[in-house]
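Student: Could you show me how to read a protein model, one feature at a time? I would like the general idea and then the actual case.

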Amino acid sequence: LSSPSTDSGTERELRSTWVREGPSRSLVFESMSLNSTADLAAKDADARVLGNPTEGALLLWLEAHGGDYPAIRSTATVLGRLPFSTEHKFMASLLEIGPSRRVLHVKGAPEVLLSRCSRILTESGLEPFDKWRAPLDEKLHRFQDRGMRTLGFAFKERDVGPAAGELKDQARDLIWLGFVAIQDPVRPEVPAAIETCRRAGIAVKIVTGDNSHTAREIARQAGLWTDNEPPGAQLTGPDFAALPNERVTQAAENLKIMSRARPNDKLRLVKVLKAAGHVVAVTGDGTNDAPALNHADVGLAMGKSGSAAAKEASDIVLLDDSFTSIVNAVKWGRSLYDNIQRFIVFQLTINVAALGLMILGPFAGVKLPLTVTQMLWINLIMDTMGALALASEPPHDSVLDRPPRARDAFIISGAMARNILSMSLIFLAALLALLLFFKRDGVLSRHESTIAFTVLVLMQFWNLFNARAFGRSVSALRGVFKNRGLILIAAAIVIGQFLIVQFGGAVFRTEPLSWQEWLEIFAGTSLVLWAGEIWRCTKKIQNSKFKIQN
């Protein structure tokens, strides 16, 4: 079922098949109206679906072709109803229409209903079903191969009882009425999002209740399926459930599509992948998805179309029901983790340098290289200003070009440890050399102590930009003015240091410096940034050569 205004080949075929006067037309309208729990509400002159979207699509199609479902419903009484389930894959409603007519309407997966039908209603009346089965299968597969979801309709007017619990057993020896093909196109942004997931090392798997043909075509449109997929890339839910435990892990990792899946199949897939050490995220919108959403590492429910049970069982609710939002969440999550690591690099570098200075200073003949108030200012730069500056760094798409980290990985990586130790040792060596230079006459004056204090702060000021670029082979100054928070905090560090040195002598044990000394300190400490830029440029060239060779 596509939009009534769409005049595609599919719509023309549906129109010629369904909209004919006669018994079949009235039965089709009757089945769509009565074997349904959905409704339509007018909103701004447009119909809005209340309830199941698929049933709502049927009601929209019915009204577009002259049907009046409220009037049809007013003539019938519901005696019993069997809700749709992924186990039996059909819905049945036992209805009393008028004073003496009792009918059982059934809709669901065509292959399930076809196996329960013994006759078919044609223009000539009721006929045996055998000779119609092959043409129907061919037509169904033609729609399914185009990625369309198919829904079959059947009914029964004899040997039906009022007990709702027995409707599953009564739904046999049915009369085939027809089927609809529903176009549920892949959103334009999905193929790009799937490709981004592939780059980021995220394996996407489709688990659906749809048949194999529809699921495979949807996967192909989304860029998840090619014609060269290995055996085992697609399984049905029953096939997956039948796999022995010794084979299920490998099958779960190789799987791309699971069609005709049931809730337990989806749950087993989640448990198997988690047991194999994978971090599993699951999306879902129905009540049947709740177990898998609850057991996944991250459950993502649909905010618009999701049921209350799915939202309750999930960790995150997608307000726009968009797969792209998941990719954006991954990008923001990885960027946030990177910002935390950058802050740790920034903080521990100055911590190690300051601690080393306080320990080794007395061996250089300086009992108190830094005062308590000076250390408090340095800690303020490290803990508050550094965190604010680096936390405000916006996310970069480059984080999606690397595989996920191990779930048990320590937050301080080997590269971080090497950076912290090397930079802090360089800082410490430079400061000790400066203290020894000043100590050559045997006494360290307040003026010289002020210079050493300022050198330490400004070295860390320049290292703030190095920390911003940690983990990326790009210039630390690239896009720096887009991060206003970092610029403001960097300016606050320089201005605060200037005010402390020039006017805070009584509190911070400092002495004002001349503008020539300020320029010399700025120029000398800026070598921290330029050395980092040379290192990152070298790494970028090495990475480019490695990619070319590969």
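**Reading the model together**

Tutor: Let's begin with a charged pair. In this predicted model, Arg 101 and Glu 157 form a salt bridge, with their closest N and O atoms 2.5 Å apart. Arg 101 belongs to strand S5 (residues 101-108), while Glu 157 sits in the loop between strand S8 (149-156) and helix H7 (167-170), so this pair ties together parts that are 56 residues apart in sequence.

Student: What makes a pair like that count as a salt bridge?

Tutor: A side-chain nitrogen of Lys or Arg has to come within 4 Å of a carboxyl oxygen of Asp or Glu. A search of the whole structure finds 20 salt bridges.

Student: Are Arg 101 and Glu 157 buried, exposed or partly exposed?

Tutor: Buried means under 20% relative accessible area and exposed means over 50%, with partly exposed in between. Arg 101 has 25%, so it is partly exposed. Glu 157 has 41%, so it is partly exposed too.

Student: Which parts of the chain does the salt bridge of Arg 260 and Glu 111 link?

Tutor: Take the distance to begin with: the closest N and O atoms of Arg 260 and Glu 111 are 2.4 Å apart. The pair links distant parts of the chain, with Arg 260 in the loop between strand S12 (257-259) and helix H12 (263-275), and Glu 111 in helix H5 (residues 110-115), 149 residues apart. Arg 260 is buried because its relative accessible area is 14%, whereas Glu 111, at 31%, is partly exposed.

Student: Where in the chain are Asp 297 and Arg 407, which meet in a salt bridge?

Tutor: Their side chains meet at 3.0 Å, N to O. Asp 297 lies in the loop between H13 and strand S14 (298-302), and Arg 407 in the loop between helix H16 (372-391) and helix H17 (414-438), which puts these distant parts 110 residues apart. Asp 297 has a relative accessible area of 24%, so it counts as partly exposed.

Student: Which residues are joined into one network by salt bridges that share partners?

Tutor: Glu 30, Arg 101 and Glu 157 are joined in that way.

Student: How many disulfides does a search of the whole structure find?

Tutor: The sulfur atoms of two cysteines would have to lie within 2.5 Å. The search finds 0 disulfides. Cys 117 counts as buried because its relative accessibility is 11%, and Cys 197 is buried as well, at 4%.

Student: Which residues have a positive phi although they are not glycines?

Tutor: Asp 321 is one of them, with a phi of about 55°. Asp 321 is found in the loop between strand S15 (316-318) and H15, and it is buried because its relative accessible area is 15%. Arg 509 also has a positive phi of about 55°. Arg 509 is in the loop between helix H20 (505-508) and helix H21 (515-525), and at 29% relative accessibility it counts as partly exposed.

Student: Which residues form a nonpolar patch on the surface?

Tutor: Leu 355, Ile 359, Leu 360 and Phe 363 do, with about 450 Å² of accessible area together. Leu 360 lies in helix H15 (residues 323-360), and its relative accessibility of 35% is why it counts as partly exposed.

Student: Where does pLDDT stay under 50?

Tutor: It does so over residues 1-21, for which the model has 42 contacts beyond four places in sequence. Where pLDDT is low, the predicted coordinates should not be read in detail. For the chain, the mean pLDDT is 86, and 92% of its residues reach 70 or more.

Technical notes: Residues are numbered from 1 along each chain as its sequence is written. This is a predicted model: local features need pLDDT of at least 70, side-chain atom pairs count only at pLDDT 80 or more; totals for chains, interfaces and linings use all residues. Side-chain values use heavy atoms; hydrogens and water are left out. Patches are made of residues with over 30% relative accessible area and no salt bridge: like charges are joined within 9 Å, nonpolar side chains (Val, Leu, Ile, Met, Phe, Trp, Tyr) within 5 Å. Accessible areas come from the Shrake-Rupley method with a 1.4 Å probe; for residues, only the protein chains shown count as cover. Helices (H or I, at least four residues) and strands (E, at least two) are DSSP runs, numbered from the N terminus. Buried means under 20% relative accessible area, exposed over 50%, partly exposed in between (1.4 Å probe, protein chains only). pLDDT is the predictor's confidence in each residue, from 0 to 100. Contact means heavy atoms within 4.5 Å.
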